[in-house]
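Got your viewer open? Load the model below and follow along, one selection at a time.

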Protein chains: 2
Amino acid sequence: MRPREFDHDEVLRIAFDQFWRKGVRGTSLSDIARDAAVQRGSLYNAFGSKEALFLQAYERYAGDYLAKLQKALGAGSLRKRLTAFFDLTITNFRSGTPPRGCPTTRGLMELGGAEGEGLDDNARQAFANLISRITALLQDTLAAGAARGEFDGNPAAAALHIVTVTRGLAVLERAFGDEPQLRKIAAHTIDLVLGRNGG
Amino acid sequence: MRPREFDHDEVLRIAFDQFWRKGVRGTSLSDIARDAAVQRGSLYNAFGSKEALFLQAYERYAGDYLAKLQKALGAGSLRKRLTAFFDLTITNFRSGTPPRGCPTTRGLMELGGAEGEGLDDNARQAFANLISRITALLQDTLAAGAARGEFDGNPAAAALHIVTVTRGLAVLERAFGDEPQLRKIAAHTIDLVLGRNGG
DNA sequence: ATCAGTTTTTGACACGATGTCGAGAAAGCA
DNA sequence: TGCTTTCTCGACATCGTGTCAAAAACTGAT
């Protein structure tokens with residue numbers, strides 16, 4: 001069979017960059033084809049449809065992001081880990097020029113709810129994953145370090161609260177673009193969840 | 001001069017309903033024209049463009065919503081007011097069949113960030129307005145009822161936190177569609193901000 | 001080396017959406 | 001009744017998605 005003339009992964013990377021910067025609906029396959037130096041028809045042949053291309057590009061991004069997340073949540077005191085988590089989140093939203101915001105949140109609001117329920121599953125999965133990781137983190141802290149008083153709340157409720165705040169940050173980033181404000185909210189959230197003296 | 005053959009306000013109402021249900025990019029002017037029994041060209045003549053139509057329809061909605069907001073924030077203990085505020089917010093997200101989500105958040109993520117910075121100003125305005133109203137509410141409570149211990153935090157930071165959570169709720173609503181979960185997060189947020197015994 | 005089979009590439013096509021334009025219709029006013 | 005203004009309506013240009021068929025390029029077997 002005839003071999004493909006372009007790098008599958010490279011195209012996903014280029015496509016996701018465009019989707020991230022301009023949104024899914026704001027990016028045409030012609031844009032991607034031009035940027036990737038590939039014929040538009042070849043994109044349909046290789047990926048199926050615009051939404052399918054976005055989903056594959058998103059999965060690629062999500063894999064990369066997961067590694068960073070592991071690192072952020074993996075070491076130090078609970079407060080340090082949560083701080084690193086919020087820092088990773090905000091830094092990700094503010095990356096690029098101009099800042100690109102949160103691709104998961106944007107994709108979810110752009111695609112979900114119309115007819116094509118495309119990103120719903122991926123976003124749901126990503127959020128659920130985040131929630132259970134943080135729940136586990138809080139549970140471990142609660143079990144292992146109760147004496148130290150790092151955290152004494154409800155792990156599941158607190159984790160849900162934290163993830164909700166990160167989603168709110170994604171929205172406020174688009175509205176205000178005020179990074180110091182986002183970081184203040186993050187710090188305040190950590191204080192609320194841990195208690196101002198906790199950690 | 002010849003009078004217009006359709007009800008300007010009625011068309012805005014119909015248009016916003018479609019935008020809310022299907023998103024801005026997911027709604028065509030042909031859809032609206034059909035629903036409103038108006039020629040597509042007349043819409044362009046009367047409103048200028050699709051985005052301009054959306055913005056005018058949004059302003060109309062925002063005016064309606066403001067009245068409900070006043071009512072929710074206007075009476076009772078601080079805890080009652082915040083509860084009413086979250087309740088209004090969530091009920092609004094969950095209105096319609098299927099639930100339509102938050103039009104401000106969705107519009108912001110859909111329009112803002114590409115080229116047309118259309119809803120940015122409106123959303124920014126709406127959020128900023130919300131933040132200052134709640135800040136004032138908390139300040140008043142702090143000043144008037146400090147002895148009762150309803151609230152003893154930083155009003156601005158707490159208000160920002162609360163609004164951030166409502167934006168996060170808008171996102172989680174799209175991802176999970178789990179209304180009880182949203183209400184739990186809201187209750188938990190009030191507890192965190194007021195202290196579990198406050199109010 | 002040639003040839004059949006398979007997959008990719010490529011350009012043409014159909015369709016729908018946005019936005020513009022001009023001609024015609026209709027209301028109000030002198 | 002006739003004039004003017006505004007609206008309505010259909011045609012058009014442009015762009016985006018998605019489909020299809022034919023051509024091109026590689027593989028492997030004869």
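A residue counts as near a strand if one of its heavy atoms lies within 4 Å of it. This is a predicted model, where local features need pLDDT of at least 70, side-chain atom pairs count only at pLDDT 80 or more, and totals for chains, interfaces and linings use all residues. Residues are numbered from 1 along each chain as its sequence is written, chains are lettered from A and ligands numbered from 1 in the order in which they are written, and side-chain values use heavy atoms, with hydrogens and water left out.

**Stop one: the DNA**

Select DNA strand C and show what surrounds it: 18 residues, the closest being Arg2(A), Glu5(A), Gln39(A), Arg40(B) and Tyr44(B). Of the strand C atoms that come within 4 Å of the protein, 71% belong to sugar and phosphate.

Now zoom in on Lys50(B), where a polar side-chain atom sits 3.2 Å from a phosphate oxygen of strand C. Hop to Leu29(B): one of its polar backbone atoms is 3.0 Å from a phosphate oxygen of DNA strand C.

Next, color helix 3 (40-47) in chains A and B, the elements that give two or more residues to this surface; helices here are DSSP runs (H or I, at least four residues), numbered from the N terminus. Helix 3 of chain A gives the most, with 3 residues.

**Stop two: helix against helix**

Select residues 103-111 in chains A and B: the two copies of helix 6 pack at about 105 degrees, axes 9 Å apart. That makes them roughly perpendicular (65 to 115 degrees).

Definitions and conventions: A polar contact is a pair of N or O atoms within 3.5 Å; within protein, one must be able to donate a hydrogen and the other to accept it, and residues adjacent in sequence count only if both atoms are side-chain atoms. Axes are lines fitted to C-alpha atoms, for helices over the stretch in contact, and angles run from 0 to 180 degrees between N-to-C directions. Angles under 35 degrees count as roughly parallel, over 145 as roughly antiparallel, 65 to 115 as roughly perpendicular and the rest as oblique.
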